[in-house]
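Please open the structure in your viewer, colour the chain by confidence if you can, and follow the selections below in order.

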Amino acid sequence: MHEIGYCEGVVEAVVRRAAGRPVARIGVRIGALHRIVPDAFAQSFQLVAGGTSAEDAVTELVVVPAQATCRGCGAVFETPDPSAVCPDCGDLDVTVTGGDEVVLEWVEYADAAAAEQPDERVPAHTHQHSPAGGR
Ligand SMILES: [Zn+2]
């Protein structure tokens with residue numbers, strides 16, 4: 001489950017903001033290119049957050065699609081795929097922008113009066129940039 005790597009960054013940010021207060025719910029905005037499965041994210045979050053002030057928090061994910069522009073015909077479309085193919089002309093020469101953010105949008109505490117909207121970008125501790133099999 002690669003969702004674990006994302007949860008580490010999110011839990012870190014939530015725990016830092018909560019400063020010991022029990023967290024009830026959090027909202028996370030995540031780019032579609034990360035291919036997060038919401039159920040897997042929720043499970044991973046419970047694992048990573050265990051023993052912290054965020055351990056009982058309910059996670060609400062909003063998946064943001066990437067914007068793609070076809071350089072062949074100029075079509076603009078939304079895609080979850082970093083190597084998208086133009087749906088209009090079938091061109092492979094497509095520029096994909098966005099869809100790569102991980103943002104902690106809001107935190108709601110057990111004391112509901114203390115909700116926050118940090119809109120904080122969270123570093124994802126993923127291993128996608130490590131060399132596969134070396135050079
Ligand atoms: Zn096209």
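The tour goes from the confidence of the model to the sheet, and then to the elements around the sheet.

Bear in mind from the outset that this is a predicted model, with a mean pLDDT of 89 over the chain and 92% of the residues reaching 70 or more. Select residues 127-135 next: pLDDT stays under 50 throughout this stretch, and the model gives it one contact beyond four places in sequence. Where pLDDT is low, the predicted coordinates should not be read in detail.

Now display the strands, of which four form an open sheet of mixed pairing in the order 2-1-6-7. Strand 2 (58-64) and strand 7 (120-121) lie at the edges and have a single partner strand each, so one side of each is left without a neighbour in the sheet.

Move to strand 1, residues 23-31, which pairs with strand 6, residues 102-109, in the antiparallel sense through seven bridges. With helix 1 (residues 3-18) added to the view, you will find that this helix packs on the sheet and touches strand 1, strand 6 and strand 7, its direction making about 40 degrees with that of strand 6.

Returning to the strands, pick Gly27, which stands opposite Trp106 in strand 6, and then Val28, whose bridge partner in strand 6 is Leu104 and whose bridge partner in strand 2 is Leu61. Strand 1 and strand 2 run parallel in their pairing, again with seven bridges.

Finally, select helix 2 (residues 38-49), which together with strand 1 and strand 2 makes a right-handed β-α-β unit.

Technical notes:
Residues numbered from 1 in each chain as written. Predicted model: local features only at pLDDT ≥ 70, side-chain atom pairs only at ≥ 80, totals over all residues. Pairing = 2+ DSSP bridges. Helix = DSSP H or I, 4+ residues; strand = E, 2+ residues; numbered from the N terminus. Contact = placed C-beta atoms within 7 Å. Axes fitted to C-alpha atoms, helices over the stretch in contact; angles between N-to-C directions. pLDDT = per-residue confidence, 0-100. Right-handed = clockwise from strand over helix to strand, strands pointing away.
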